[in-house]
Amino acid sequence: MFKNNLNLFKKLMFTGIFIAVAVLFYSCKSEGEKWTVAKKGEDFEIQESKGIGWTCEKCGKSDYAQELPAECPNCKGKVVKVSTYVKTQATITTNDQKLIRKLALTNPNALVRSSAISKLTDKNAIGEIAKKDTDVNVRLAALRKVTDQQLLFDIVMAESDFSIRNEAMRGLTDQKKLEEIARTATDEFVRSDAVRKITDQVVLKDLVINSDNVFTKSAAIERITDKTVLADIAATSTDINVCFDIINRLTDKNLLKDIARRNSDFVIRDSVKERLKTLEPNK
Ligand SMILES: [Zn+2]
């Protein structure tokens, strides 16, 4: 009785592991896959690759393969199959852009849509998909091909999905647009992400001084390359967090002493003293 329960428990556990592994593996890629056609559409094919997960009874090593290996490559121990998996991919079999466009916009299978996007050249259609597809991965596939700065800007400003926003941010290079995001986006993390792509030192300095957000300020401080500019901000700022941030970044003793000389706040002066102590060589 007890043994039966134990067996049932084992079975359930393996089923659980199988599902977790199958989901995990679905997103991985490996070399030497054997793909077979699972579905043939008019202008596309859906292919499958099947395999197993195995584990070594001796050393505990586990891996995936298309077939169960004869022995553990690690210790030559006995290996057992613990799961199976099926991977799926879609291939577009037409070169007609009209048909590819249709597949990308309307095929019910997200894999087919993603695959079609990789062959699609119509920028408007790609932009529409990036904005509106119901599947996040399809949108990401489209976004990777978008270079239109206004569209990327709109998506960064309006999007709530983190991965979509990140992908749009990755494509943004227009400094004016990045500056606008850094100043006006409602999400503070979006703002600091934009700051990390700004190179204009004048804009960065202004953000440190005038932004109302601590993350934006900190990200801007990180991007300012001229240490005398940083020291100058700390010497004249009343924002203690900004001053601490800058003081802890500076290593030039003369610049630090200059901050202590010019900033009348004793907390800042003490902080400079502490910083200078940490910069003394160890005796
Ligand atoms: Zn082994």
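**Exercise 1. State which helices the buried residues of H7 pack against, and then identify those buried residues.**

Solution. The buried residues of H7 pack against helix H5 (136–143), H6 and H9; the model in which this packing is seen is a predicted one. The residues of H7 concerned are Arg165, Glu167, Ala168, Met169 and Gly171, each of which counts as buried. Turning next to H5, one finds that Val138, Arg139, Ala141, Ala142 and Leu143 are buried there, and that the buried residues of H5 pack against helix H3 (110–119), H4 and H7. In H6 (residues 149–158), the buried residues are Leu151, Leu152, Phe153, Ile155 and Val156, and their cover includes helix H4 (123–132), helix H7 (162–171), helix H8 (175–184) and helix H9 (188–195).

**Exercise 2. Describe the largest nonpolar core of the chain, and follow Val156 to its contacts.**

Solution. Begin with the chain as a whole, which has 15 helices and four strands and in which 28% of the 283 residues count as buried. Among contacts with a separation of 6 or more, 47% join residues 24 or more positions apart. The largest nonpolar core has 52 residues, and those with the most contacts inside it are Ala142, Val156 and Ile246. The element that gives the most to this core is H6, with five residues. The next step is to take Val156, which is one of the buried residues of H6, and to set aside its neighbours within four places in sequence; Val156 is then in contact with Arg165, Ala168, Met169, Leu172, Ile181 and Val190. Of these partners, Arg165, Ala168 and Met169 are among the buried residues of H7. As background to such an arrangement, nonpolar side chains in soluble globular proteins tend to be buried together.

**Exercise 3. Determine how H13 and H15 are oriented relative to each other, and which residues make their contact.**

Solution. The axes of helix H13 (residues 240–249) and helix H15 (residues 266–279) are 10 Å apart, and the two helices pack at an angle of about 15 degrees. Angles under 35 degrees count as roughly parallel, and H13 and H15 are therefore roughly parallel to each other. The crossing in which H13 passes H15 is right-handed. From H13 the contact draws on Ile240, Cys243, Phe244, Ile247 and Asn248, while H15 supplies Val267, Ile268, Ser271, Val272 and Arg275. Sorted by character, the residues of this contact comprise seven nonpolar, two polar and one charged. In reading the spacing of such residues along a helix, it helps to recall that an α-helix has 3.6 residues a turn, so residues three or four places apart point the same way.

**Exercise 4. Give the geometry of the crossing of H10 and H11, and then place Val203 and Ile224 in their surroundings.**

Solution. The axes of H10 and helix H11 (residues 214–223) come within 8 Å and cross at roughly 145 degrees, and this crossing is left-handed. On the side of H10 the contact is made by Leu204, Leu207 and Val208, and on the side of H11 by Thr216, Lys217, Ala220, Ile221 and Arg223. These residues divide into five nonpolar, one polar and two charged.

Val203 is found in helix H10 (residues 201–210). Because 18 other C-beta atoms lie within 10 Å, Val203 is partly exposed. Beyond residues up to four places away in sequence, Val203 touches Glu179 and Ile198. Its C-alpha atom is 9.8 Å from that of Lys176, although the two residues are 27 residues apart in sequence.

Ile224 has its place in the loop between H11 and helix H12 (227–236). With 18 C-beta neighbours inside 10 Å, Ile224 likewise counts as partly exposed. Leaving aside neighbours within four places in sequence, the contacts of Ile224 are with Gln201, Leu204, Lys205, Val229 and Leu230; of these, Leu204 also takes part in the contact of H10 with H11. Between Ile224 and Val208, which are 16 residues apart in sequence, the C-alpha to C-alpha distance is 9.5 Å.

**Exercise 5. Locate Lys76, and decide whether Lys76 is buried or exposed.**

Solution. Lys76 lies in the loop between strand S3 (62–65) and strand S4 (79–92). A residue counts as exposed with 12 or fewer other C-beta atoms within 10 Å, and Lys76 is therefore exposed, having 12 such neighbours. For the backbone, phi of Lys76 is near 60 degrees, which is a positive value in a residue other than glycine.

How values were computed
Residues are numbered from 1 along each chain as its sequence is written. This is a predicted model: local features need pLDDT of at least 70, side-chain atom pairs count only at pLDDT 80 or more; totals for chains, interfaces and linings use all residues. A residue is buried if 20 or more other C-beta atoms lie within 10 Å of its own, exposed if 12 or fewer, and partly exposed in between; C-beta atoms are placed from the backbone. Two residues are in contact if their C-beta atoms, placed from the backbone, lie within 7 Å. Axes are lines fitted to C-alpha atoms, for helices over the stretch in contact, and angles run from 0 to 180 degrees between N-to-C directions. Angles under 35 degrees count as roughly parallel, over 145 as roughly antiparallel, 65 to 115 as roughly perpendicular and the rest as oblique. A crossing is left-handed if the near helix is turned anticlockwise from the far one by less than a right angle, and right-handed if clockwise. Ala, Val, Leu, Ile, Met, Phe, Trp, Tyr, Cys and Pro count as nonpolar, Asp, Glu, Lys and Arg as charged, and the others, Gly among them, as polar. A nonpolar core is a set of buried Ala, Val, Leu, Ile, Met, Phe, Trp, Tyr and Cys residues joined through C-beta atoms within 7 Å.
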